[in-house]
Structures are given as C-alpha cells and as structure tokens.
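Q: I should like to learn how the features of a structural model are read. May we take them in turn, with the general idea before the case?

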Amino acid sequence: MPRALITGITGQDGSYLTELLLKNGYEVHGVVRRTSSLDRSRLHHLYSDESVYGKNLFLHYADLDDTTTMRRVLVSAAPDEVYHLAGQSHVGLSFEIAESTCKMTGMATLRMLEMIQDLEKVPRFFHASSSEIFGKPDTLPQNEQTPFRPVNPYGAAKAFATNMVSIYRNTFGLFAVNGIMFNHESPRRGENFVTRKICRAAAAIKAGRQKELLLGDTTAKRDWGHARDYVRGMWLSLQHATAEDYVFATGKLNSVQDVVEIAFATMELDWSKYVAQDQRFMRPAEPQKLVGDPKKASRLLNWTPETSFRELIEEMTQIEFKRVSGQVVSG
Ligand code: NAP
Ligand code: GDD
C-alpha cells in the first residue's frame, strides 16, 4: 500500500486530495495544527468514519514552524509521496501579515526539502505553487517558462519556494515537482475567497438571511477551475516517470462580475439590487491577466479540467443554498 503525507490536509485541496488518495488505495497521513476548535469540517466525514480513520487515514499534530515535530512526523510516516499544501493562502491578507506569510510559504518549503532529503527513503515531493508568482507577466497565457514577477508578499514567497524546489531537484536529484496552480474553487473553499463569498451571499440573500454583498474590484479577472480537477493533477504529477513543473489551469479568463452574475442568476435574483463596492476589499496591488497554458500537463499527464466555470459557480451556489436552508451537505 503506497503511503502519502499531506501538509495542509484540513484545507480545501487537502480534503479532496485525501479522498482521491484513499480511493486510489493509499495510506494517508496528514499534518494538523492544534486549534481551539476540533471542528475540521472538510475532513469530518472521513475523520468520523471508523472504517477509515485509524485504518488508512492518520492525523499527526505538527506545525510548519515546528521543525523537530515535522521531522518526527516525516520519519514515523515514512511516506512514498509528500504533498506540501500547507501555508497562509490568502493573497490580500499577505499584505497585512507579510512576515508570517513569507515564513510559512517560503522558508517552510525550503525546510521541507531539507528534511525529506535526510530521510532513509526519500519521498517524491509535490509543492503547491501558484499563478501569483507571475504577477504582472508580459505574455499570456503563462506557461512553465514565463518569468516570475510577483506583486504581493504571497506571490514573492511562492516564487522563492518554487525556485527552491527547482534548485533541489536540479542539484540534489530530488523527485520534486512544482504544480503552478491557477485559482481553483469548490463548495469547500475558504469563506473569505471571492467565489465562495459571492455564492454564499447569493444563497443567503435568497433565503432572507443577508441583505447586501460588499465586494472589492469586480473587474478583476482570474482563470478559475474546480479543486477536484487540480488535486487529480497533483497526484498524476507524482506518478510521471520524471519530476517536472506543470501549469494547472483552464486557459479561460472570467471576471469577479461574471461570478456575481452566474451566482445571482442561479438563485433567480437581480444582482444589481444587492451588490455594492467597498474600499476595504480593494487590494494595494493586483496581478494582471493571470491565465494559464496547461498544454504540458495535458501532453505529459493527460490532465484536463473537467468542470467548466459556469458549472463550478452553479454547484457552489446550490450547495450554499442547501447549507443556508439547514440541509446536511456531506464533506
Ligand atoms: P487552504 O484551504 O487555505 O488550506 C491551507 C492549509 O494549510 C490548511 O490545512 C491550514 O491548516 C494549513 N496551514 C496553514 N498554516 C500552517 C502551518 N503553519 N502549519 C501547518 N499547517 C498550516 O488552501 P487551499 O486552497 O487548500 O490551497 C492549498 C495550497 O495550494 C496552499 O499552499 C495555497 O497557497 C496553494 N494554492 C492554492 C490555490 C487555490 O486557488 N486554491 C492556487 C494556487 C496555489 P488550518 O486548517 O489549521 O488553518
Ligand atoms: N477575497 C476577495 N474578497 N477578493 C475580492 C473581493 C472580496 O471581497 N472583491 C474582489 N476581489 C478580487 C480580488 O481583489 C482578486 O483580484 C480576485 O477577486 C480573487 O481573489 P481571491 O478569491 O481572494 O483569490 P486570489 O486570486 O487572490 O488568490 C487565490 O488564487 C491564487 C492563485 O492564483 C488563492 O487561492 C491563492 O492561494 C492562490 O495562489
């Protein structure tokens, strides 16, 4: 039975990846932080399943900042594959907590590389890199050769980590992969990311629980896909014969305004009655025209995204409506 260790298992991607790896016959180990609440909602359905938890899913307390514990977890789990997904993932907040973002997103990745190369059996390593490394690129769409020009602390930290992964692969021969992922969303997306915020608000307004939705820049555009597709890409990248970097993207640009219109239409509401702009959600700097070219992932891994942008936003809004109406939504 192959063994995988996931940092960031409680996050959006970690939860979908756990499901995929369990389905593929893996023993999955995950790193969790001590928090004041034990409600790991995205993992609850697995955690509370006696046929899964403690049988082929194991959680270990550690923190990216606690190197001795991380090392101990790596030694005891002895994984064949490490998926390094943990970190402060909110771009806007990275301006407010720049130092800890750089520590957790940049330095912690370097530490992971150092730790895995000391292990008796050196595992394959996946790093969750981001389109934010491109910032304001000269060319579009962006691919694996596009130069890094980050415009925020998060992007700069990811650029550092991405460079380190390449350096350790080229210098020490580690099987280390950068998945340069463009935005991917799902009903499990954190509540302060724009798609979830909009879908949740549309559903709450429909249910009479909310009156308005305040947003920042609605002209901002992104390349948005479904998280389930992206974790499949993560897994495929570690099954390939050689370690490579891959862009995972849909290749299509949509605006925040497009998200608003689809979400409100799904709830049969006129968005213009409820949506307003609020300066508090504007960012000091915005990346430009981040749209990915996933040809390499398609050619080498046979990876293509299966869910369209419209399907994604409709699914997210419908699930929010079930949640706000008190229906139990599994996972
Ligand atoms: P997420 O939902 O915010 O999850 C982040 C995970 O990291 C959580 O499990 C969190 O644990 C954990 N974490 C944060 N700081 C930690 C620390 N100091 N020690 C241990 N664990 C820590 O993010 P996501 O959307 O799943 O994204 C996964 C990764 O992909 C992130 O690195 C993100 O930057 C990157 N990425 C995401 C996207 C996207 O569109 N989703 C695109 C490109 C790259 P808690 O639950 O305890 O907070
Ligand atoms: N969060 C948020 N809240 N964003 C808003 C809002 C708002 O009220 N109003 C407009 N936006 C705009 C942001 O300014 C940005 O241009 C866009 O919506 C998307 O914002 P987020 O959903 O917060 O995602 P992101 O693109 O900044 O970052 C995500 O994608 C990256 C990959 O490109 C995160 O998942 C990162 O971790 C990831 O690396």
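**Reading the ligand site and the backbone**

A: We may begin with a single contact: a polar side-chain atom of Ser89 lies 2.7 Å from an oxygen atom of ligand 1. A polar contact is a pair of N or O atoms within 3.5 Å; within protein, one must be able to donate a hydrogen and the other to accept it, and residues adjacent in sequence count only if both atoms are side-chain atoms. The model is predicted: local features need pLDDT of at least 70 and side-chain atom pairs pLDDT 80 or more, while totals for chains, interfaces and linings use all residues. Residues are numbered from 1 along each chain as its sequence is written, chains are lettered from A and ligands numbered from 1 in the order written, and side-chain values use heavy atoms, without hydrogens and water.

Q: Which atoms of Leu85 and Lys158 lie close to an oxygen atom of ligand 1?

A: For Leu85, a backbone N or O atom is 2.8 Å from a ligand oxygen. For Lys158, a side-chain N or O atom is 3.0 Å from an oxygen of ligand 1. The protein covers 87% of the 910 Å² of accessible area that ligand 1 has on its own (Shrake-Rupley method, 1.4 Å probe; for residues, only the protein chains shown count as cover).

Q: How many residues are around ligand 1, and which come nearest?

A: A residue is near a molecule or strand if one of its heavy atoms lies within 4 Å of it. There are 23 residues around ligand 1, and Thr10, Arg33, Leu85, Ser89 and Tyr154 come nearest.

Q: Which element gives the most to the shell around ligand 1?

A: Helices (H or I, at least four residues) and strands (E, at least two) are DSSP runs, numbered from the N terminus. Strand S5 gives the most, with 3 residues. Helix H1 (12-23), strand S5 (124-130) and helix H5 (153-172) each supply at least two.

Q: Where is the peptide bond cis, and which residues other than glycine have a positive phi?

A: Most residues other than glycine have a negative phi, and most peptide bonds are trans. Here the bond from Leu140 to Pro141 is cis, with omega near 0 degrees, and Pro141 lies in the loop between S5 and H5. Ala78 has a positive phi of about 40 degrees, and Glu268 has one near 55 degrees.

Q: Are Ala78 and Glu268 buried, partly exposed or exposed?

A: Buried means under 20% relative accessible area, exposed over 50%, and partly exposed in between (1.4 Å probe, protein chains only). Ala78, at 27%, is partly exposed, and Glu268, at 67%, is exposed.
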